Amino acid sequence: MATGLGLVPSALAVDGGELIVGDQQNGAIRSVTLSTGGVTTLAGTGAAGSSAANTTSERAGVLTQLPGYGASVAGPLAVAVAADGDVVFSVGSGGTLRRLDRTTGTLTRIAGTGAFSSTGAGDGGPALQAGLSLVRGLAVDADGAILLADGGAGKIRRIDPATNVITTVAGGGSSVGDGGAAGGARLSDPRQIALDPGTGDLLVAEFGGHRVRRVAAGADGRVGATDTITTIAGDGTAATADTLGDGGPASAARLNAPSAVAVLPNGAVAIAEAASNRLRLVRPDATITTVPTAALGTPAALAVRGADRLFVAETSATTRRVQELTIDPATGALTTMRTVAGNGSNGFSGHTTPAVEAQLADPRAITVAPDGSYYIADNANARVRRVDPATGKITTVIGSGMTCPNPTDTTCVENVPALEAKLTRPWDVAVAADGTVYVLESNALISRISRFDPRTGRLVRLAGGAIGFAGDGGPARDARFNEAQGIVLDAAGRYLYVADTNNRRVRRIDLQQDSVTTIAGTGVLGATGNGGPAAAATLQGLLGISLGLDGDLLVPDNTARSVRRIDLATGGIDEEVEALGEHEHDHGSEADAEPQSIVRVAERAVGHIVLVDGTGHAVYEAERHGDHHHVNRIAGTGTRDFTGESGRSLTTALAAPYDAAITPAGHVLIADGGNNRIRLVELAPVEEPTPTPTPTAEATPDADTPQPAAPEPAERRPASPAAPAVRVTVGKPTVKRADRRVARLRAGLTVRTAVHGATRLRAEIRVSAATAKRLRTRTRLAVLTRSVADGTVSLRLRPGAAVRERLAQSRRNLRVTIRVVATAPGAEEAVTSATLSLRG
């Protein structure tokens, strides 16, 4: 993460695939491309100095020298990204605000005279004439208004986007003021501020008051001086190690000089304490905990990326960096990875002994049995091993360690004691509910599947032998496979599916009828046939196969780096995870070190598919959003290495991982082949997804008012056969007439609707297939999911950067469908939509 730059990262903001960094040391605004780690200077020369002048407009980059660390005034202290992509930042103890137009490169002063003012002078007048001081917090609301923390004056101020008039919305009072109007409360050295994306409320890190304050948004969705202010964390006394109050109510806990605050999508609030170098988390239930990081180096800013990523800017004399953390937003635990089998030494040892002390040799597959135990295809040891997670002990189930010399040797797997069997490179394992184990072995001569009967302890060849292609319609023992590399058993235990790799087919073995059938693939290399019969499709890069949670098959395409789904009920095949380069990443629009390969996959929860990148030494998760996916790295650094045990999953290296499996708790097991280990990534549970219905064109009332229609019963689909205990309703979505422009969509289109009885709301903007083809985009342009309560809800939907760029190139009107889905536990979902035309 952008290290070795010699910067002091005093301010952070995330914009899609970019991290915007205020570099206080060198007087610059930097952009870090999160897909590559590449750094671009957006404003400033990168050399400390004093500002040329407080002129109204000038060129950014090399033409403008911003004040830097150690100069007569402080360098960039706060940064925010506006809806149109422009970057707003503050510089100097006198607190001028600048706006960088990312399109033209123009840098404009928009507030402050450059003269220090500790009183917050200029309220009610032009922001350019206002007095500011040490602005260490910035935010831009949905209407484009700029909110700033005027530290020296102890105020939060607002710049109206239409008039550029500045006013105070919080602070300036003589008492703490909890429960009263924000404009009458006292704030002591407010630092970073953040808007809650779910409510529009404003969070303030009150550095001098040892509190985090919340200003509740009014009925219009904005914060103002008459809105209510409360304390959500801290009692006003500086915390010590013995008085943190962890586990109890956050409002009764203590903080020590909170310098930064950020809101996660689930409503949890992250707080950085500069004086104590701690990271705290106010959980959704309003209790507080300390996040178990190593000591931080004077944290100055936080930024949120996706559902569970935090960036932390550290600014101490010895630690000047931006650190990325993956956090469980419900508990505050960091995502960790630990070894559950293998000591790292290539070889064989361990039977009825602790699995972490055993030797493995290039484990190629990991399978979770119905009883929760782990089965390992210990490839180079020619064995199948079993780990009991309750005891942590490992045993050998199949294999003597001797390899089979040829496919005609009947002493290898033909009705032999399992521990005397001679396997040839086991590639995958499947386990039935009764303990029957199926093992697939393949090399250049042999490709076969054998069955272990736990009642007799014997191993019998089930299917295959010498490599080739044969046997469809006949007994399994007569079938031939060509270096097959994956098997999976259906939930009922009747069918065993085979990834017949070099035959470019998926085969099915009916274990009751003893017959083999090709269900996907023609044998021709390719990736055609999506949307049609799987048997007529072409396959490539077929290195594994897995069963989806709905019983369908998931098939990785390692060549295109995509995943396809075979619907076993209809026999159809379609794209499940789109090919490399078509993803959205980390809830943004740029890649986060794209997977270099997809060798195996596993579905962790509905819409959450784990991707194993053997070439790139990492594991990712593809999270479905509409008809598209966001791809996030969940384990590995991208460099082949071994970097220790029980560390953070994103900073603990893997070496040629080859498989993944999901535990009953939803954690991810990884066959870390190059490190001769099985690793466990303990991830936070996935919330139940909001279903995504297929959009339909419906007429929209051409109303001028931004108020939505009253809630009404809408199109419904049953959540279960039982009658719902709660009735959910949602009104048709509306958009202001003035906002019905393509330019507004690029900046972020505000959609309003009314809901009753719902706890979650999902909105998306779609276009027709023909329009998507013209724009070279997906049909889904933007999507947003959030928690809601009864009432009118405003949602700001903004496409990713790639889509915004395509929209900017089009001058045509755009017809879009806005689809809204409201859900609640135990209730039928309510779905409604509206179609409107946006002016080009």
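**Exercise 1. Describe how the lining of the largest cavity divides by residue character, and then identify the residues concerned.**

Solution. In this predicted model, the lining of the largest cavity consists of four nonpolar, two polar and two charged residues. The next step is to put names to them: the lining is made up of Val742, Arg774, Leu775, Leu807, Ser810, Arg812, Asn813 and Leu814. Because Asp, Glu, Lys and Arg count as charged, Arg774 and Arg812 belong to the charged part of this lining. Val and Leu count as nonpolar, so Val742, Leu775, Leu807 and Leu814 belong to the nonpolar part, and Ser810 and Asn813 are left as the polar residues. As for the space itself, the largest cavity holds about 30 Å³, and a search of the whole structure for cavities of 30 Å³ or more finds one.

**Exercise 2. Work out which strands supply the lining of the second largest pocket, and which of them gives the largest share.**

Solution. Begin with the volume, which is about 860 Å³ for the second largest pocket. This pocket is lined by 34 residues, and those closest to its centre are Thr367, Val368, Val488, Leu489 and Leu547. At least two lining residues come from each of strand E27 (363-368), strand E32 (426-431), strand E36 (486-489), strand E40 (546-547), strand E45 (600-605) and strand E50 (657-662). The largest share belongs to E45, which contributes five residues. Sorted by character, the lining of the second largest pocket has 22 nonpolar, six polar and six charged residues.

**Exercise 3. Find the salt bridge partner of Asp123, and say where in the chain each of the two residues lies and whether it is buried or exposed.**

Solution. Side chains of opposite charge can pair when their charged atoms come close. The partner of Asp123 is Arg157, and their closest N and O atoms are 2.9 Å apart. This pair links distant parts of the chain, since Asp123 lies in the loop between strand E9 (106-111) and strand E10 (135-140), whereas Arg157 lies in strand E12 (residues 155-159), 34 residues apart. Asp123 has a relative accessible area of 37% and is therefore partly exposed, while Arg157, with a relative accessible area of 0%, is buried.

**Exercise 4. Carry out the steps of Exercise 3 for Arg280, and then turn to the salt bridges of the whole structure.**

Solution. Arg280 forms a salt bridge with Asp246, with the closest N and O atoms 3.0 Å apart. Distant parts of the chain are again linked, for Arg280 is in strand E20 (residues 278-282) and Asp246 in the loop between strand E17 (229-233) and strand E18 (258-263), 34 residues apart. Arg280 counts as buried at 0% relative accessibility, and Asp246 is partly exposed at 39%. Turning to the whole structure, a search finds 42 salt bridges, and a network of salt bridges links Asp550, Asp552, Arg565, Glu576 and Glu603.

**Exercise 5. Give the strand order of the open sheet that contains E20, and name its edge strands.**

Solution. The open sheet has four strands in the order E18-E19-E20-E21, and their pairing is antiparallel. Its edge strands are E18 and strand E21 (288-290), each of which pairs on one side only. From one strand to the next, the twist averages 20°. Looking at one pairing in detail, E18 and strand E19 (residues 269-273) run antiparallel and are joined by five bridges, and Pro258 stands opposite Glu273 in E19.

Key: Residues numbered from 1 in each chain as written. Predicted model: local features only at pLDDT ≥ 70, side-chain atom pairs only at ≥ 80, totals over all residues. Heavy atoms only, no water. Salt bridge = Lys/Arg side-chain N within 4 Å of Asp/Glu carboxyl O. Buried < 20%, exposed > 50% of the residue type's maximum accessible area, 1.4 Å probe, protein only. 1 Å grid on protein atoms, 1.4 Å probe; cavity = no way out; pocket = protein on both sides within 12 Å on 5 of 7 lines; lining within 4 Å. Points joined across faces, edges and corners; volume = space filled by probe spheres on them. Pairing = 2+ DSSP bridges. Axes fitted to C-alpha atoms, helices over the stretch in contact; angles between N-to-C directions.
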